[in-house]
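Work through the exercises below with the sequence and the coordinates side by side, and attempt each task before reading its solution.

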Amino acid sequence: MIDQSIKLIALDCDGTLINDEGEITERTAAALIKAQQQGVRVALVSGRPRTGFQYEVEKLLLKAHHGLLCAYNGGMIIDVQNDEVKYEKPIKVDEVRRFLADIERHQLVYIIDNGETLYSNDITNQYVQHESTAHHLKLVHSPNLADNIDFTPLKILLTADKERINELYDEINEICGETLGSIRSAPFYLEITVKGVNKSSALDHICDSIGITKGNCMAFGDNYNDYEMIRDAGIGVAMGNAVESIKKVADIVTKSNNEDGIAEVLEQYGLT
């Protein structure tokens with residue numbers, strides 16, 4: 001019997017839904033499809049741009065079951081059924097210019113997209129290359145984006161080695177000021193969005209749109225940018241491979257992304 005209190009399953013993608021081979025296992029896919037067939041909605045909640053979900057949408061049959069996408073760590077929510085943007089919170093152009101100018105002295109690599117094209121000051125960087133290829137974005141070298149940006153991005157992604165990110169984390173938070181916020185999504189990534197934008201605030205908008213509360217949500221995650229979502233969901237689930245801060249705030253710690261941790265919990269709760 002399905003747990004009637006759970007109306008929405010919210011899933012981080014990389015490190016959670018996706019295993020280390022870059023795939024959704026058949027067991028996990030089957031469990032999520034069965035849950036949807038019983039009326040539970042599925043939302044993919046990720047730092048990815050809106051173009052980065054094609055494989056997951058097809059594998060999980062999200063279009064047939066009216067799934068939802070949350071891109072840019074909560075900056076944009078999309079209805080999969082009709083590709084309608086239900087909510088977005090972009091960064092103002094003047095704020096992008098200010099921020100890029102203020103961090104220029106640190107010589108960090110930035111990655112910024114407009115939904116079609118990815119702009120970076122170092123297109124040879126391995127993570128820039130990955131973001132472009134994985135999310136189907138045209139790559140353009142733009143070392144002076146602060147001077148000529150003409151769009152309002154949903155996110156500014158910064159990349160450097162782990163030690164450099166750790167060293168600059170507090171200073172970049174200060175640079176964000178009262179209008180922007182930062183979060184680590186991987187040891188080599190620092191993500192900048194409008195202050196207050198996160199995966200938990202995204203769940204608020206999703207829940208309002210479908211007439212439920214966050215108490216009706218089961219959320220899965222593994223990394224720092226999942227913290228608020230796991231903390232605030234009715235049932236927060238940390239993957240076995242999650243960072244310790246996520247495990248500490250979760251209601252459940254399941255198996256890893258390589259061991260069908262999502263399917264394990266859905267089966268235990270009768271959601272399949």
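**Exercise 1. Find the backbone atom that the side chain of Ser120 reaches, and describe the setting of this residue.**

Solution. The side chain of Ser120 reaches the backbone nitrogen of Asp122 at 3.1 Å, where a polar contact is a pair of N or O atoms within 3.5 Å, one of them able to donate a hydrogen and the other to accept it within protein, and residues adjacent in sequence count only if both atoms are side-chain atoms. The model is predicted, so local features need pLDDT of at least 70 and side-chain atom pairs count only at pLDDT 80 or more, while totals for chains, interfaces and linings use all residues. Residues are numbered from 1 along each chain as its sequence is written, and side-chain values use heavy atoms, with hydrogens and water left out.

Next, place the residue: Ser120 belongs to strand 7, residues 117-120, strands being DSSP runs of E with at least two residues and helices runs of H or I with at least four, numbered from the N terminus. Ser120 has a relative accessible area of 0% and is therefore buried (buried is under 20%, exposed over 50%, partly exposed in between, with a 1.4 Å probe and protein chains only). Finally, list its contacts, meaning heavy atoms within 4.5 Å: not counting residues up to four places away in sequence, Ser120 touches Val109, Tyr110, Ile111, Val128, Val140, His141, Ser142 and Pro143.

**Exercise 2. Decide whether Ser142 is buried or exposed, and do the corresponding assignment for Pro143.**

Solution. Begin with the position of Ser142, which is in the loop between strand 8 (138-141) and helix 5 (145-148); Pro143 is in the loop between strand 8 and helix 5. The relative accessible area of Ser142 is 9%, so Ser142 is buried, whereas Pro143, at 45%, is partly exposed.

Then turn to the contacts. Leaving aside neighbours within four places in sequence, Ser142 is in contact with Tyr110, Tyr119, Ser120, Asn121 and Asn148, while Pro143, not counting residues up to four places away in sequence, touches Tyr110, Ser120 and Asn121. As a last step, a distance can be checked across the chain: the C-alpha atoms of Pro143 and Gly236, 93 residues apart along the chain, are separated by 41 Å.

**Exercise 3. Examine the phi angles of Leu61 and Gln107, and state where each residue lies.**

Solution. Leu61 is not a glycine, yet its phi is positive, at about 55°. Leu61 is found in the loop between helix 2 and strand 3 (68-71), and its relative accessible area of 40% makes it partly exposed. Gln107, also a residue other than glycine, has a positive phi near 55°; Gln107 lies in the loop between helix 3 (93-103) and strand 6 (109-113), and its relative accessibility of 72% counts as exposed.

**Exercise 4. Determine how the radius of gyration of the chain compares with the globule rule.**

Solution. First count the elements: the chain has ten helices and 14 strands. Its radius of gyration is 18 Å, close to the 19 Å that the globule rule gives for 272 residues, so the chain is as compact as a globular protein of that length; the radius is taken over C-alpha atoms, and the rule is 2.2 Å times the number of residues to the power 0.38. Along its principal axes the C-alpha trace spans about 55 × 40 × 35 Å. To complete the picture, 55% of the 272 residues count as buried, and residues 24 or more positions apart account for 58% of the contacts with a separation of 6 or more.
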